[in-house]
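Q: I should like to learn how to read the cavities, the pockets and the ligand site of a protein model. Where should one begin?

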Amino acid sequence: MSLLLEPYTLRHLTLPNRIAVSPMCQYSAVDGLANDWHLVHLGSRAVGGAGLVFTEATAVTAEGRITAQDLGLWDDAQIPPLQRITRFITAQGAVPGIQLAHAGRKASTHRPWLGKHGSVKPEDGGWVPVGPSRIAFDPQHTAPQELTQAQIDEVIQAFVEAARRALKAGFKVVEVHAAHGYLLHQFLSPLSNQRRDDYGSNFENRIRLTLQVSEAVRAVWPDELPVFVRVSATDWVEDGWNPDETVALAKRLRALGVDLIDVSSGGTSVHAEIPTGPGYQTQFAARVREESGIATGTVGMITEPAQAEHILRTAQADIIFLARELLRDPYWPLHADDDLGGYKAVWPAQYQRATSREQPIHESDLRE
Ligand SMILES: Cc1cc2nc3c(=O)[nH]c(=O)nc-3n(C[C@H](O)[C@H](O)[C@H](O)COP(=O)(O)O)c2cc1C
């Protein structure tokens, strides 16, 4: 019996299996509104059998977008097109999840496929980003304006309002994005946070905003539904955010009612040397799970069903997040089911005659 294809329950929500579509920016929205691209992109992965389908990083304020083409949820008008998507995902038997994010000093950039690194300047349609301290991500990025206490309060409120809208839009899992060098991670890491107030200088102060946002989101998210937080376990830079701090943060998040830590890494520093390779981040998910006693998700170069199954069987994580492999093959979960001999995932009725290459089929059946 394969664990990967087994249902998994958090609070009162049961995922049909342990495969999640990892959040992936599509840079294809206008004014933060989801459109046909998002419906087909996310819908295809639900048809392909993923149990949990996450949207891309969805900005809680307009200035919190990585690019002007990001999805957003800072306005009620952004709810209906997302509702259309959650309805479709749910109809496929999958669970819709949303990642809520603020890009902080990494906001206002170009779409990656344009090949232009760094900030889009205000005169070119961009904006001046905000962050914990006036430290640019790198020389090609604009230095952010330092957030005041009042602006920090507004950021927390923006996460709350976006979570309320996400619920109205039909999402069942909300994930707070505190990884990859975006705003919350910028506060966590001493590389980007050099504040001297209640939000900087020591561990307790650096984790304050992530705790406040997570607690506030938890407070408006229904008790029966889970809240995830994505973290970078390490900056991969000496004197940066590190795995010990991640474990300590995970304990605190667990105490606030967060249900799962989605463990990634990196994103704050261009000097990071990341030893990428198959499953290179699973060690961090395993450590957080073991030492904090909270469920974890793992992500990063997981491409084979047997590899995913092994991670679950060795209790390193509870959910497997896949990103690029699901771009290559939206039907990966259905194929994994065949590979692992689970035969639990159900091909859509419309596709069922294609599920087996061996199955004899009467030629006349193909002539309608
Ligand atoms: C096109 C693309 C967009 C991404 N956008 C996001 C995002 O919106 N939020 C996030 O947390 N990670 C994002 N990531 C990172 C992935 O979720 C994942 O952590 C990373 O790609 C490693 O997993 P993989 O090896 O399965 O691709 C993105 C990755 C890709 C390839």
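A: Begin with the residue classes: Ala, Val, Leu, Ile, Met, Phe, Trp, Tyr, Cys and Pro count as nonpolar, Asp, Glu, Lys and Arg as charged, and the others, Gly among them, as polar. The model shown here is predicted. By these classes, the lining of its largest cavity holds seven nonpolar, four polar and one charged residues.

Q: Which residues line the largest cavity, and what is its volume?

A: A cavity is a space where the probe fits but cannot get out. In this structure, the largest cavity has a volume of about 50 Å³. Its lining includes Ala-57, Thr-58 and Ala-59, together with Gly-64, Ile-66, Asp-70 and Leu-71. Also in that lining are Ala-101, His-102, Ala-103, His-177 and Tyr-182. Strand 4 (residues 52–59) supplies the largest share, three residues.

Q: How many cavities of 30 Å³ or more are counted?

A: The count comes to two. The second largest cavity encloses about 50 Å³ of space. Among its lining residues are Val-21, Ser-22, Pro-23, Met-24 and Gln-26, as well as His-38, His-41 and Leu-42. Phe-54, Thr-55 and Glu-56 also belong to this lining. Helix 1 (36–47) and strand 4 are the elements that give two or more residues to it. By class, the lining divides into five nonpolar, five polar and one charged.

Q: How does one read a pocket, and what is the volume of the largest pocket?

A: A pocket, in contrast to a cavity, is an open set of points. The largest pocket here has a volume of about 1,100 Å³. It is lined by 42 residues, of which Pro-23, Tyr-27, Lys-106, His-180 and Tyr-182 are the closest to its centre. Strand 12 (319–322) and helix 10 (324–328) are the elements that give two or more residues to this lining. Helix 10 gives the most, with three residues. The class composition of the lining is 17 nonpolar, 19 polar and six charged residues.

Q: What lines the second largest pocket?

A: The volume of the second largest pocket is about 390 Å³. Of its 21 lining residues, the closest to the centre are Ala-46, Val-47, Gly-49, Gln-92 and Val-346. These lining residues divide into 14 nonpolar, six polar and one charged.

Q: Where does the ligand sit, and which residues are closest to it?

A: The ligand sits in the largest pocket. It is surrounded by 16 residues, and the closest are Ser-22, Cys-25, Gln-99, Met-301 and Arg-324. By class, this shell has eight nonpolar, five polar and three charged residues.

Q: Which protein atoms lie opposite the nitrogen and oxygen atoms of the ligand?

A: The cut-off for a polar contact is a pair of N or O atoms within 3.5 Å. A ligand nitrogen atom is 2.8 Å from a polar backbone atom of Cys-25. An oxygen atom of the ligand lies 3.0 Å from a polar backbone atom of Ala-57, a residue that also lines the largest cavity. With Arg-324 the partner is in the side chain: an oxygen atom of the ligand is 2.6 Å from an N or O atom there.

Q: How much of the ligand's area does the protein bury?

A: Here one sets the area of the ligand taken alone beside the part that the protein covers. Taken alone, the ligand exposes 600 Å², and the protein buries 81% of that.

Terms used: Residues numbered from 1 in each chain as written. Predicted model: local features only at pLDDT ≥ 70, side-chain atom pairs only at ≥ 80, totals over all residues. Heavy atoms only, no water. Near = heavy atom within 4 Å. Polar contact = N/O pair within 3.5 Å; in protein donor to acceptor, adjacent residues only side chain to side chain. Areas by Shrake-Rupley, 256 points an atom, 1.4 Å probe, with all protein chains shown as cover. 1 Å grid on protein atoms, 1.4 Å probe; cavity = no way out; pocket = protein on both sides within 12 Å on 5 of 7 lines; lining within 4 Å. Sits in = over half its atoms within 2 Å of the grid points. Points joined across faces, edges and corners; volume = space filled by probe spheres on them. Helix = DSSP H or I, 4+ residues; strand = E, 2+ residues; numbered from the N terminus.
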